[in-house]
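Reader: Please look closely at one part of this model, the enclosed space inside it. I would also like to hear about the packing beside it and the open pockets.

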Amino acid sequence: MKIGFIGLGNMGGPMAANLARAGHDVTGFDLTAPMPEGVTATGSAAAAAGGAEVVITMLPNGDILRAVATEVIPAMAPGAVLCDCSTVDVDSARAVAQQAEAAGLGALDAPVSGGVGGAAAGTLTFMVGGSDSAFAKVAPLFDIMGQKAVHCGAPGAGQAAKICNNMILGVTMIATCEAFALADKLGLDRQRMFDVVSTSSGYSWSMNAYCPAPGVGPQSPADNGYKPGFAAELMLKDLRLSQMAAEAADADTPMGARAAELYAQFVEAEDGLGRDFSAMLPRFAARGRG
Ligand code: NAD
């Protein structure tokens, strides 16, 4: 398949490389990032998109996505699909889909989970919004870049699934970290705490798969000095997107709102920037109630 790939950073670079390695004809464009192996460089986003059957974008935010979409949509071949894999606000995802469909193109919002490791290994999970026909066309590419693609519904449904998932993740990570900090102060050994909670009703992905306590549970960023992994500032981005969506939809999300506040404080006023989002544990452990 002829594929245009725009945004070749930490995630997009390895995703594009995997498509090229699988034998697809990939042309790429990025403002700064180097071209991954096997990807043909072009001088603009429109040039990367021209003649492609599928155009994939992997960009920092919704404003940049809207600007890039406005540039590439007129350059795209009739019937081609614009597939955005960035994490952006639901409104931008819907607006870009509408713009693409009005121009006779297919459109998908297909944000991912799995991080840089999953992008390199081709084991991402895609959460996808858009038409059945657009999903069917891009599904073979999701199979190369990932291990699972869930068609969640109409345009915007992929972004909705992503921010709801990450709102749960932010909240459960905070709950897990504050519980470990309380256990410390009660004299409860962290390994015993893990042994109980990971097999009791307090279990979660944050505890069982990504335990924030060093030396406890499976290998996680806690065992590597809290080097990300999933950086606290990326969690903050996703929590803010979930709060924007909750405001727009009049949804009451008090735990999500508090998680966004705590990650904002951690990243912007404390030492959370550049640390894994599970570094909330040393943060809580070093504090009292005051
Ligand atoms: P990144 O900053 O490494 O990559 C973004 C790339 O977009 C950069 O190389 C930048 O030069 C390029 N870019 C910006 N404006 C552009 C333009 N107008 N035209 C062409 N290229 C442009 O970010 P990333 O970590 O690769 O993340 C990309 C997206 O994936 C984000 O929306 C992020 O929230 C999401 N995401 C990231 C992770 C992760 O672990 N890094 C996990 C899941 C989802």
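Author: The count comes to 1 cavity of 30 Å³ or more, a cavity being a set of points on a 1 Å grid over the protein atoms alone where a 1.4 Å probe fits but cannot get out. The model is predicted, with local features needing pLDDT of at least 70 and side-chain atom pairs pLDDT 80 or more, while totals for chains, interfaces and linings use all residues. Residues are numbered from 1 along each chain, and side-chain values use heavy atoms, without hydrogens and water.

The largest cavity has a volume (the space filled by probe spheres set on the points) of about 50 Å³. Its lining (residues with an atom within 4 Å of a point) consists of Leu65, Leu82, Asp84, Ala93, Val96, Ala97, Ala107, Leu108 and Asp109. Strand E5 (81-84), H4 and strand E6 (106-109) each contribute at least two of the lining residues. By class, 7 residues of this lining are nonpolar, none is polar and 2 are charged.

Leu65 and Val96, both in that lining, also take part in a helix contact. Helix H3 (residues 62-72) packs against helix H4 (residues 90-102) at an angle of about 5°, and the axes are 9 Å apart. That angle makes H3 roughly parallel to H4 (under 35 degrees). On the H3 side the contact (heavy atoms within 4.5 Å) involves Gly62, Leu65, Arg66, Ala69 and Thr70; Asp91, Ser92, Ala95, Val96 and Gln99 make it from H4. These residues divide into 4 nonpolar, 4 polar and 2 charged.

H3 also borders open space. The largest pocket (an open set with protein on both sides within 12 Å along at least five of seven lines) has a volume of about 1300 Å³. It has 46 lining residues, with Met11, Met58, Gly115, Phe230 and Leu234 nearest its centre. At least two lining residues come from each of H3, strand E7 (112-113), helix H5 (115-121), helix H7 (157-185), H9 and H10. H7 gives the largest share, 6 residues. The classes here are 24 nonpolar, 17 polar and 5 charged.

H7 also gives the most to the lining of the second largest pocket, with 5 residues. That pocket has a volume of about 330 Å³. Of its 13 lining residues, Glu178, Phe284, Arg287, Gly288 and Arg289 are the closest to its centre. H7, H11 and H12 each supply at least two residues. By class, the lining has 5 nonpolar, 2 polar and 6 charged residues.

Terms used: Axes fitted to C-alpha atoms, helices over the stretch in contact; angles between N-to-C directions. Helix = DSSP H or I, 4+ residues; strand = E, 2+ residues; numbered from the N terminus. Parallel < 35°, antiparallel > 145°, perpendicular 65-115°, else oblique. Nonpolar A, V, L, I, M, F, W, Y, C, P; charged D, E, K, R; others polar.
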